[in-house]
Amino acid sequence: GNCHFGAKVYRSRQTPARHRIGLQQRAMAKRSIEELERENAQLRAAVAKMQDRPGLAGTHYYASSDAVAECPDCMRMPEIGNSAVHCYRMISDFHELDCRERLNTSSYVNVYLEDEEIKAANLGMKINLADQTVYPQSFKVHNVVLNMIADLWHCPKPADFDDYGAYAGAGTVGSTEACLLGGLCLKFRWRKWYAKK
C-alpha cells in the first residue's frame, strides 16, 4: 500500500513537468522550418558579433577589428561594449602626442606630475563639487585653496567673509578658464565704474 501510494505521488508530481514539455513541443511544431532557420541565423550572427568584440573574445586590442577600422562610427553608442583595458588603450592612443611632456609646446604648463598629484586628482573624479551640501568637506578644501590664492594676490577681504569663510571666487578646470573669469570680473567692475561717470 505504501509503495503504491508513493508511486501515485511520484506520478502526480511528474505529470505537470511532462505536460509543460508537451506544450513546448507542440508550440515548436507549429513554427515552420523557415522561422526556425531564420531565428537560428540571427542567433549565430549575434554570437559571431560578440566573439568579434575584443573585450569578449580576449583578443589583443591591436589585433581586433576596432584597431583597424578606417571610419569607426562615433556618432552613436555601440550595441556591444568593449573591455576596460581596450577602452583605456583607445583613449591613450588619442593622447599619445598630447601627453608626452617632451613634445609639449605649452612650456608654461606643468606637464610632469608626481604620483601623489595624480592620486589626489583622481579623488576628485568621485566628487560633484556643484552640490556643496552633499560634499561639505570637499568644498572646504576648495575654499582653503581659494583663500590661499586670494591672499597671494592681496585681495581685499569681502564684507561677508565671516559668514562664508571664503573670498569671492570659484575653482576652475584650468588656467585659461581662470583667465576668462578674471577678465569678466574686470569687465563688470569697469562697467560699474563707467556707469557712475
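## A walk around an all-helix chain

From the N terminus on, the elements run α-α-α-α-α-α-α-α. Keep in mind as you click around that this is a predicted model. Colour the chain by secondary structure and you get 8 helices and 0 strands. Now switch to colouring by accessibility: of the 197 residues in the protein chain, 8% count as buried.

**Stop one: the acidic patch.** Select Glu-114, Asp-115, Glu-116 and Glu-117, which together form a negative surface patch. Pick out Glu-116 from that group; its home is helix α5, spanning residues 115-123. Is Glu-116 buried or exposed? Glu-116 counts as exposed, because its relative accessibility is 54% and the cut-off for exposed is over 50%.

**Stop two: the nonpolar patch.** Next, select Val-141, Val-145, Ile-149, Leu-152 and Trp-153 and turn on the surface. These side chains make a nonpolar patch of about 560 Å². Zoom in on Ile-149, which sits in helix α6, residues 136-152. With a relative accessible area of 45%, Ile-149 is classed as partly exposed, since that label covers values between the 20% and 50% limits.

**Stop three: the cysteines.** Finish by showing Cys-179 and Cys-185 as sticks. Cys-179 is exposed, at 59% relative accessible area, and Cys-185 is exposed as well, at 52%. How many disulfides does the structure hold? The count is 0, so don't go hunting for a pair of cysteine sulfur atoms within 2.5 Å.

How values were computed. Residues numbered from 1 in each chain as written. Predicted model: local features only at pLDDT ≥ 70, side-chain atom pairs only at ≥ 80, totals over all residues. Heavy atoms only, no water. Patch = residues over 30% accessible without salt bridge, like charges linked within 9 Å, V, L, I, M, F, W, Y side chains within 5 Å. Areas by Shrake-Rupley, 256 points an atom, 1.4 Å probe, with all protein chains shown as cover. Salt bridge = Lys/Arg side-chain N within 4 Å of Asp/Glu carboxyl O. Lys, Arg positive; Asp, Glu negative; His and termini not counted. Charge placed at Lys NZ, Arg CZ, Asp CG, Glu CD. Helix = DSSP H or I, 4+ residues; strand = E, 2+ residues; numbered from the N terminus. Buried < 20%, exposed > 50% of the residue type's maximum accessible area, 1.4 Å probe, protein only.
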